[in-house]
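Me: Got a chain open here and want a quick walk through it. Can you take my questions as they come?

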Amino acid sequence: ALMPSMEVREKSMEEDDLMTTDVVKKVSETETAIAKKGTSWLTSLLAKGAATLVNSPVNVNNQFNTVVQYNFGDGKTRNLAQCKSELLIAIAGVDRGLKATKEDSDKIEQLIRAMEAGNPTKSPLKNPLLNGRWALLYTTAKGILGEGNPIRPSGPIYQSIDIFGLRILNEQAYEPVPFVRWTTSAAGDLFPKSNSRAEVKFENYRVGGIKVVAPPTDPARRMIEWELEVSGKGTPAWIDNTYVDENLRVARDHKGNVFVMKRADP
């Protein structure tokens, strides 16, 4: 924009036309003012945008508006909601994982990984969405489901999380024959290690209403656990909440198991 003005100015000076020189001068001044204003406006806009990003208040549910697309090589593109729907359909007929074939497990794992990549909830351990009671829908930890045992959990398997008190409660119900029913539970503490992962230490158990207190951790045992953790030869039990929304939760543990749970608040 400056070159035409300079050319006009040179021509005006050659012709000694003061009027033309005045016009060119005003045009040049106007162009300079517009340029300065534009630069100032852009700088101000960028500064305001940065300030908005840094200083914006966190929503009460602390969620991202995640827009993601997935393609599993079958020519079909899915968004996060579609992955969630397909996951629920895939786990509906596998008896919480007991009847899952390798093909079932592979498909479920693929859908879970896609959902984890688009996890809408930031810092689950600090998020009220994680709080509450969750019912198990699917797991690869078949021991929890009673695989290989004569008696298997017959009712819901629950896990309750209290992010404020940093407590965890696991509950299972058994009914081997009609009208003979009991519940087992394990309660413990959560020790956050990241925004999503917490070490779990259970301190008491209940079997059919009878409370069994876990043995105390003496200094020697604590030292062994610390050495194992530091050396990488062993790690304390932990749970990592890799996906959380209003009604569905995915978690993984230190043994490599995955858990899919739905909200089951009373």
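**Starting at Gln159**

Reply: Gln159 is buried, at a relative accessible area of 11%. Buried means under 20% relative accessible area, exposed means over 50%, and partly exposed is in between (1.4 Å probe, protein chains only).

Me: Where does Gln159 lie?

Reply: Gln159 sits in strand E4. Strands (E, at least two residues) and helices (H or I, at least four) are DSSP runs, numbered from the N terminus.

Me: Before more detail, what kind of model is this?

Reply: This is a predicted model, where local features need pLDDT of at least 70, side-chain atom pairs count only at pLDDT 80 or more, and totals for chains, interfaces and linings use all residues. Residues are numbered from 1 along each chain as its sequence is written, and side-chain values use heavy atoms, with hydrogens and water left out.

Me: Which side chain does Gln159 join in a polar contact?

Reply: That of Arg249, at 2.7 Å. A polar contact is a pair of N or O atoms within 3.5 Å; within protein, one must be able to donate a hydrogen and the other to accept it, and residues adjacent in sequence count only if both atoms are side-chain atoms.

Me: And what else is Gln159 in contact with?

Reply: Leaving aside neighbours within four places in sequence, its contacts include Trp134, Ile168, Leu169, Ile239 and Met261. Contact means heavy atoms within 4.5 Å.

Me: Is E4 as a whole mostly covered or mostly open?

Reply: Mostly covered. E4 spans residues 157-162, and 5 of its 6 residues are buried. Strand E3 (residues 132-139) pairs with E4 in the antiparallel sense, over 4 bridges. Two strands pair if DSSP finds at least two bridges between them. Arg133 has Ser160 of E4 as its bridge partner.

Me: Switching to helices. How many residues does H3 have?

Reply: H3 has 13, residues 80-92. From first C-alpha to last it reaches 19 Å, close to the 18 Å expected at 1.5 Å a residue. The expected span is 1.5 Å times one less than the number of residues.

Me: Which residues of H3 are buried?

Reply: Leu80, Cys83, Lys84, Glu86, Leu87, Ala90 and Ile91. Down the axis of H3 they fall within an arc of 165 degrees, so they line one face of the helix. The arc is that of the directions from the helix axis to the C-beta atoms.

Me: What exposed residues are on the face turned away?

Reply: Ile89 and Ala92.

Me: What caps the N-terminal end of H3?

Reply: Asn79 does, with a side-chain oxygen 3.2 Å from the backbone nitrogen of Ala81.

Me: Now Thr242. Buried or exposed?

Reply: Thr242 is buried, at 17% relative accessible area. It belongs to strand E9, residues 238-244. Beyond four places in sequence, Thr242 is in contact with Glu116, Asn119, Val250, Ala251 and Arg252.

Me: Last bit: where is pLDDT under 50?

Reply: Residues 1-21 stay under 50, and the model has 14 contacts for them beyond four places in sequence. Residues 37-66 are below 50 as well, with 21 contacts beyond near neighbours in sequence. pLDDT is the predictor's confidence in each residue, from 0 to 100. The chain's mean is 74, and 64% of its residues reach 70 or more.

Me: And what does the secondary structure come to?

Reply: The chain has 5 helices and 11 strands. Of its 266 residues, 35% count as buried.
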